[in-house]
Amino acid sequence: MSESSAIIARMAALDGAGMRALQLRKLRRLVERLDASSAFYRDLWRKAGVTPDSIRSLDDLRRLPTIGKADGLADQNAHPPFGRRLGIDAGEVALVCMTGGTSGQGQEIYGRSQRDLVMQGYLHLLPWHIAGLREGDVALNCVPSGGLTTGGWGPTEGFRSAGALPLTVGGTMSTDAKIDLMCRFSDVAFIYASTNYMHTLTEAVRRRGIDPRRQFPKMKSIFIAAEGYPVEWAEHIQEFWGATLHEGYGSTQGAGFISSTTEGGVVGPDGSRGVMQCFDWHVIVEVIDPDTGEHVEPGEYGEVVLTNLDIEGSAVVRFRTGDRVRLLPAGSARNGRDWTCIESGTIGRYDDMMKIRGNNVWPSAVDLAVFAHEEVAEYVGRVFVDEKARTEVVVSLGLKPEFAARDEAFRAGVVARVRAAIKDRTNVQMVVNEVPRDTLPYFENKARRWTDERPIGYRRGTDV
């Protein structure tokens, strides 16, 4: 039995009470360490009237204040480069990681120890092992390597720990060059990519007339992250590649993945969405109502609040991620592992939400409506105020080549179905136009499909 298999088996053997006891021991140790080594957390907790002795049960975690991106940025700006929350001596920092800055607020800086660097690799290996990656497997890594991101370092360490052979091509090769390399290494068994780049790669493979089931007969697992998707899209990817599609959810704050799908992947046996299970022995994942701060009930959506229990440098305690997930009941995975469960395929960002004509519109909801149609290759959306001061929404749709070549009536029918699906998902009537595929972007990593050109007042809900 491999080390990863042994860890999974040992953690699966713990019942709910056993897992909570393990979390409490680690939480108490973490709070004691940070109270002694991090002025940021010590001052924050003292203001809240909390000391390490206050943490006697997991419920006491709620006594600790939450923090967010703005708190980390303010701390590091006042005490550069890492801030007072570092938790280790600056001389012990072996790796610097930064967030992507896609929120527009700035990039947080995280200092990692040598142990943390190993943990980042392990927190990539663990979900990949569940997804079927094994020693000797040839893997295509489409995520850019190196740099200052957690995603640039964790995968390399993860593949090395697995004993796999990674083809690390993200950020260094065009999509066609990646496909050429895959054809040379026809034993490719595993692909790691962002959700949107997997869409781009699949589109390119189809355009070149390659049958991946024949060209890559050892392909068994595809692992995606970063964006939501409709079940129909996931089923199409699995059918086209002849491999099981898996998903992971993670972040820089989590030092890698904090949850992933089970061995069955993102689609359940009945065609429903798969279940993602959190690695509860390494993280505490709370799901709260972002307005009230109260924990949501299973089946409800809420914001992830993250505490990582095993990170030494720049640890986070009750960090509000801004990520929107759907909490599922315990036991939803039906695999005997009593770990926290969230729904696959529906993770989004609260700061992505747009207020349009009185409706809360999530870009991920439009993704679900659009990509449920196999004819669609890509789309972008634009929100603006017209000359009569009315909010307008235009979706530009590009079809796959084989469908774009069909007659006008067929294409108009696709556009009409997509328009109706968007209205059904969002309660907003949008203008949907077909445009040539090549006029739309090809997304390498996270997709930013929407532009909101409205004044701030309109974005906040005063539009008409």
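Okay, so let's start at H1 and H5: Ser 4, Ser 5, Ile 7 and Ile 8 on H1 touch Tyr 122, Leu 125, Leu 126, His 129 and Ile 130 on H5, where contact means heavy atoms within 4.5 Å. By class that's six nonpolar, three polar and no charged residues.

Quick housekeeping: this is a predicted model, with local features needing pLDDT of at least 70, side-chain atom pairs counted only at pLDDT 80 or more, and totals for chains, interfaces and linings using all residues. Numbering runs from 1 along each chain as its sequence is written, and side-chain values use heavy atoms, with hydrogens and water left out.

Back to the helices, which are DSSP runs of H or I, at least four residues, numbered from the N terminus. The axes of H1 (residues 3–12) and H5 (residues 114–130) come within 10 Å and cross at roughly 80 degrees, so the two are roughly perpendicular, a label for 65 to 115 degrees. Axes are lines fitted to C-alpha atoms over the stretch in contact, with angles from 0 to 180 degrees between N-to-C directions.

Next pair: H11 (residues 363–371) packs on H13 (residues 408–426) at about 145 degrees, axes 8 Å apart. From H11 come Ala 365, Val 366, Leu 368, Ala 369 and Val 370, and from H13 Val 418, Ala 421, Ile 422, Arg 425 and Thr 426.

And which helix gives the most to the lining of the largest cavity? That's H8, with three residues. The lining includes Thr 195, Asn 196, His 199, Asp 367 and Phe 371, lining residues having an atom within 4 Å of a point on a 1 Å grid where a 1.4 Å probe fits but cannot get out.

Terms used
Parallel < 35°, antiparallel > 145°, perpendicular 65-115°, else oblique. Nonpolar A, V, L, I, M, F, W, Y, C, P; charged D, E, K, R; others polar. 1 Å grid on protein atoms, 1.4 Å probe; cavity = no way out; pocket = protein on both sides within 12 Å on 5 of 7 lines; lining within 4 Å.
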